[in-house]
Amino acid sequence: MRLANLIHKEHMTAPVTHANNVKLITGSLLGAIAAILQSAGLFGGVGYIFSIMATGPIVLATLTSLRIGFLTFTVTGLLLMIIQPSEVLVFLFTTGLLGVSLGAGFRKAKKQTTVVFIGGLALATGIMALLYVFRFPVLGPGVSTNINAGIPAGIFVFSLFYSFIWMRLSMTGMKYLNKIISNTFLEEN
């Protein structure tokens, strides 16, 4: 399938309809998983791969419910303040923000293009806030914290691409999570 067809079609991800206690438990577990994944960056190398995976649980929680997604985002930030304080800003302005914005995009927008744009814009805004407002070298020491016209454009293009990847991963993850939750709770009843 061509890239244009992937981007312009509807995402077909339906909001989850589970009981409130199931949503709360799911959000709590996803928040704990996100905090553990984000704090894995402490180990460097392979830890960075796990760290970028912290977006996934936040997207899934936000798809469950906007309220649960925001609570999961907040709880993850609070857990990170205890587990790994150096990762709090990175989570709040990059991986977590992308997760919440993609989840909200899925819930509010019909087209994949819109979902990708919402996520990409939020991620680019978060990265630029870290770079230019907080002077936090989120992109490494090689990227200046002084405003340069080429860097924000590059950040925005990268953010759109990264958002597209996470949109596709999130669609797959949500289908899998719904299947697990439905099977688990149908067996109990």
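Thr55, Gly56, Pro57, Ile58, Val59, Leu60, Ala61, Thr62, Leu63 and Thr64 are the buried residues of helix H4. That makes H4 a mostly covered element, with 10 of its 10 residues buried. Please keep in mind that this is a predicted model. The protein chain has 8 helices and 0 strands, and 43% of its 189 residues count as buried. Here is a tour by topic.

**Overall layout**

- Read from the N terminus, the elements of the protein chain run α-α-α-α-α-α-α-α.
- Helix H4 covers residues 55-64, helix H6 residues 88-108, helix H7 residues 112-133 and helix H8 residues 150-188.
- Helix H2 spans residues 20-39, helix H3 spans 46-52, and helix H5 spans residues 66-83.

**The nonpolar cores**

- The largest nonpolar core has 24 residues, and the members that touch the most others are Leu98, Leu102, Phe106, Val115 and Met167.
- Two or more residues of this core come from each of H4, H6, H7 and H8.
- Another core lies apart from the largest one; it has 7 residues, including Ala34, Ala35, Ile58 and Leu80.
- Ile58, one of the members of that second core, is also among the buried residues of H4.

**The largest pocket**

- What volume does the largest pocket have? The value is about 490 Å³.
- Its lining consists of 18 residues, and those closest to the pocket centre are Ile52, Val90, Thr94, Thr95 and Val138.
- Which helices each supply at least two residues of this lining? They are H3, H6, H7 and H8.
- H6, H7 and H8 thus appear in two lists: they give residues to the largest core, and they supply residues of the pocket lining.

**A nonpolar patch on the surface**

- Leu78, Met81, Ile82 and Ile83 make a nonpolar surface patch of about 430 Å².
- Leu78, one of these four, has its place in helix H5.
- Leu78 counts as partly exposed because its relative accessibility is 48%, a value between the 20% and 50% cut-offs.

**Ala54 and the way into H4**

- Ala54 sits in the loop between H3 and H4.
- Is Ala54 buried or exposed? Ala54 counts as buried, because its relative accessibility is 0%.
- The C-alpha atoms of Ala54 and Ala34 are separated by 4.5 Å, although the two residues are 20 apart along the chain.
- Ala34, the partner in that pair, is among the 7 residues of the second core.

**Exposed nonpolar residues**

- Ile25 lies in helix H2 and counts as exposed because its relative accessibility is 52%, where exposed means over 50%.
- Ile25 and Ile68 are 43 residues apart along the chain, with 9.6 Å between their C-alpha atoms.
- Leu42 is found in the loop between H2 and H3, and its relative accessible area of 53% is why Leu42 counts as exposed.
- From C-alpha to C-alpha, Leu42 and Glu87 are 8.5 Å apart in space, while 45 residues separate them in sequence.

**Phe158 in H8**

- Phe158 has its place in helix H8.
- With a relative accessible area of 44%, Phe158 is partly exposed.
- Phe158 and Leu123 are 35 residues apart along the chain, and their C-alpha atoms are separated by 9.4 Å.

**Arg135 and its backbone**

- Where does Arg135 lie? Arg135 lies in the loop between H7 and H8.
- Most residues other than glycine have a negative phi.
- Arg135 has a phi near 55 degrees, which is a positive value in a residue other than glycine.
- Arg135 counts as partly exposed because its relative accessibility is 47%.

Terms used:
Residues are numbered from 1 along each chain as its sequence is written. This is a predicted model: local features need pLDDT of at least 70, side-chain atom pairs count only at pLDDT 80 or more; totals for chains, interfaces and linings use all residues. Side-chain values use heavy atoms; hydrogens and water are left out. A nonpolar core is a set of buried Ala, Val, Leu, Ile, Met, Phe, Trp, Tyr and Cys residues joined through side-chain atoms within 4.5 Å. Buried means under 20% relative accessible area, exposed over 50%, partly exposed in between (1.4 Å probe, protein chains only). Helices (H or I, at least four residues) and strands (E, at least two) are DSSP runs, numbered from the N terminus. Patches are made of residues with over 30% relative accessible area and no salt bridge: like charges are joined within 9 Å, nonpolar side chains (Val, Leu, Ile, Met, Phe, Trp, Tyr) within 5 Å. Accessible areas come from the Shrake-Rupley method with a 1.4 Å probe; for residues, only the protein chains shown count as cover. A salt bridge is a side-chain nitrogen of Lys or Arg within 4 Å of a carboxyl oxygen of Asp or Glu. On a 1 Å grid over the protein atoms alone, a cavity is a set of points where a 1.4 Å probe fits but cannot get out, and a pocket is an open set with protein on both sides within 12 Å along at least five of seven lines; lining residues have an atom within 4 Å of a point. Grid points are joined across faces, edges and corners, and a volume is the space filled by probe spheres set on the points.
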